[in-house]
Amino acid sequence: MRIRTTLTISTLLVGGLTPLTLPAATASAAPAKHGDDFNGDGYRDYAYSSFSAGRGGGVGVVYGTATGPGSTKQRITQSSPGVPGADEADDMFGEVRAAADFDGDGYGDLAVAATGEKGSRGVDQGAVTILWGSAAGLSKGTNLPNKNPDSHNRMGKDLATGDFNGDGKQDLAVINGSKTYVYRGPLKRSGTTGAVTELDKTTSFYATALIAGKVNGDKKTDLAIIGDVVSPEKIASDAWFIKGGASSLTPGKTLRLESQPGNGGSTERGGDGVIADFDKDGYGDIAVGTSLYSKHKGRVSVWYGASGGPSRSAHLTQSTSGVAGAAENYDEFGSSVSAGDVNGDGYADLAVGVPNEEIDGKKNAGGVHIFKGRSSGLAGTGSQWFARNTPGVPGPLTDYDAFGGLVRLRDTNGDGKADLHVSGVDSVRLPGSPSGITTTDATEYKAAPVEGFLQ
């Protein structure tokens, strides 16, 4: 799933972190329980983009504890010992990241894209580096073989992890140019990988985002590739379902997410997405936000899973019955989405950011909707709305806060209920509870790595 630095603002850009010696931790020979447990201590860690002006980018890491993010921090760039490449301006190292135990040694590893990396074929060729986990945390790195080296292909534009063939080893899907490449695990420090599968439609389909998860109920990870479709008559975005399989990946159905007449405008129309079981029927459902829909009003398309792959579809907007507010041009509903069980009822719930919502005359103030999972699927009934003017939400209501530009649902206090983490000028954590997200014990924090709360 895409995690973009363009969804954050200056207060989320944490610079000046220095590599620290981490306490030793013991990891078993079995693969890591959590793909983002980089030091093998049993607690999930938090990786986020950490950029500084005029440089090529970096990755900040906050190491987890029993109560959530701890005080141990680290910053890794292409100038760090053992990391390939050089820290050059506009490399965008760390712009996109995906965590998994790629070599199966019990420590989570981190795939890091440098989409602006210059290569032998020219500018913006891109590169993907695997940073390796250890008892001391992330250190050193290995570049993934580039199967489509050319200028402006921006290898690593998006990344997704999963066990696509069900062999117990973690694989990595990578967008490179208009195509998607799936590298079979294990990925090794020597640079070798298993077989690599190329996924490309014969039509004018340009891959822009990846979503991985289990849709059809088997043990293999499936993949949804989001892409732009361009013709003389229209420009559109589609979700293309790819079924995981022991011997091969099988291309499946396509869902049209949105379209508009003509072929002008920028590409990369859609969109942030997630796979989760919103109706608790045992099949993962695909939710994709397309913030450009209908003059940037925005929409979330939900493609419900079944034994044969995704089947019925539905849509959520701010015009959906029971949803607070109204669908207005340039609200960009669906810019960021995230899934988690906020009330502990066993159904996955969905958070949807609306960063450009105008509230009480404040432009681009922003807010977040929470849609509750139920047997019939997601609906507006019973949904929740949070903004800076919601009683109990910390921080003032201001212009250009873009509250909801990045949302993450993640249980950071171990109570079995997902908490809502929201970016804004200052970021906020709103706890989960039996009744849903609550403002009780809400926390505001500055320069916080919200984007590190990986799904």
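## Strands, rings and charges

In strand E16 (residues 273-276), Gly273 and Ile275 point one way while Val274 and Ala276 point the other, and all of them are buried. That fits a general pattern: in a regular strand, side chains alternate between the two faces of the sheet. Keep in mind that this is a predicted model. E16 has strand E17 (residues 285-290) as an antiparallel partner, with 4 bridges between them. Across that pairing, Gly273 sits opposite Val288 in E17.

Next up is an open sheet. Its 4 strands run in the order E12-E13-E14-E15, with antiparallel pairing. Which strands stand at the edges? E12 and strand E15 (250-261) do, and each has a single partner strand, so one side of each is left without a neighbour in the sheet. From one strand to the next, the twist averages 20°. E12 and strand E13 (residues 222-230) are paired in the antiparallel sense over 8 bridges. One spot to look at there is Ala209, whose bridge partner in E13 is Ile226.

Now for the rings. A pair of aromatic rings is described by the distance of the centres and the angle of the planes. The count here comes to 2 aromatic pairs. Phe205 and Trp240 make an edge-to-face pair, with 5.7 Å centre to centre and 80° between the planes. This one links distant parts of the chain: Phe205 belongs to strand E12 (residues 205-213) and Trp240 to strand E14 (residues 234-243), 35 residues apart. Are these two rings buried or exposed? Phe205 has a relative accessible area of 3%, so it counts as buried. Trp240 is buried as well, because its relative accessible area is 6%.

Phe333 and Phe371 form an aromatic pair too, again edge-to-face, at 6.3 Å centre to centre and 85° between the planes. Here Phe333 is in the loop between strand E19 (313-316) and strand E20 (337-340), whereas Phe371 is in strand E22 (residues 367-371), 38 residues apart. Both Phe333 and Phe371 are buried.

Two arginines also sit over tyrosine faces. Arg299 lies over the face of Tyr293, 4.1 Å from the ring centre. Arg312 does likewise with Tyr304, at 3.8 Å from the ring centre.

On to the salt bridges. How many are there? The count comes to 11 salt bridges, and the table shows some of them.

| Acid | Base | N to O distance |
|---|---|---|
| Asp36 | Arg44 | 3.1 Å |
| Glu198 | Lys179 | 3.4 Å |
| Asp419 | Arg429 | 3.4 Å |

Take Asp36 and Arg44. Asp36 is buried, with a relative accessible area of 4%, while Arg44 counts as partly exposed at 27% relative accessibility.

The salt bridge of Lys179 with Glu198 ties together distant parts of the chain, since Lys179 is in strand E10 (residues 179-183) and Glu198 in strand E11 (residues 196-199), 19 residues apart. Lys179 has a relative accessible area of 23%, so it is partly exposed. Glu198, at 45%, is partly exposed too.

The salt bridge between Asp419 and Arg429 connects strand E25 (residues 419-422), home of Asp419, with strand E26 (residues 427-430), where Arg429 sits, 10 residues apart. Asp419 counts as buried because its relative accessibility is 0%. Arg429 comes in at 15% relative accessibility and counts as buried too, as the cut-off is under 20%.

Finally, Asp36, Arg44 and Arg410 are joined into one network by salt bridges that share partners.

Notes. Residues are numbered from 1 along each chain as its sequence is written. This is a predicted model: local features need pLDDT of at least 70, side-chain atom pairs count only at pLDDT 80 or more; totals for chains, interfaces and linings use all residues. Side-chain values use heavy atoms; hydrogens and water are left out. Rings of Phe, Tyr and Trp (its six-membered ring) pair if their centres lie within 6.5 Å; planes under 30 degrees apart count as stacked, over 60 as edge-to-face and the rest as tilted. Helices (H or I, at least four residues) and strands (E, at least two) are DSSP runs, numbered from the N terminus. Buried means under 20% relative accessible area, exposed over 50%, partly exposed in between (1.4 Å probe, protein chains only). A charge sits over a ring if NZ of Lys or CZ of Arg is within 6 Å of the ring centre and within 35 degrees of the ring normal. Two strands pair if DSSP finds at least two bridges between them. Axes are lines fitted to C-alpha atoms, for helices over the stretch in contact, and angles run from 0 to 180 degrees between N-to-C directions. A salt bridge is a side-chain nitrogen of Lys or Arg within 4 Å of a carboxyl oxygen of Asp or Glu.
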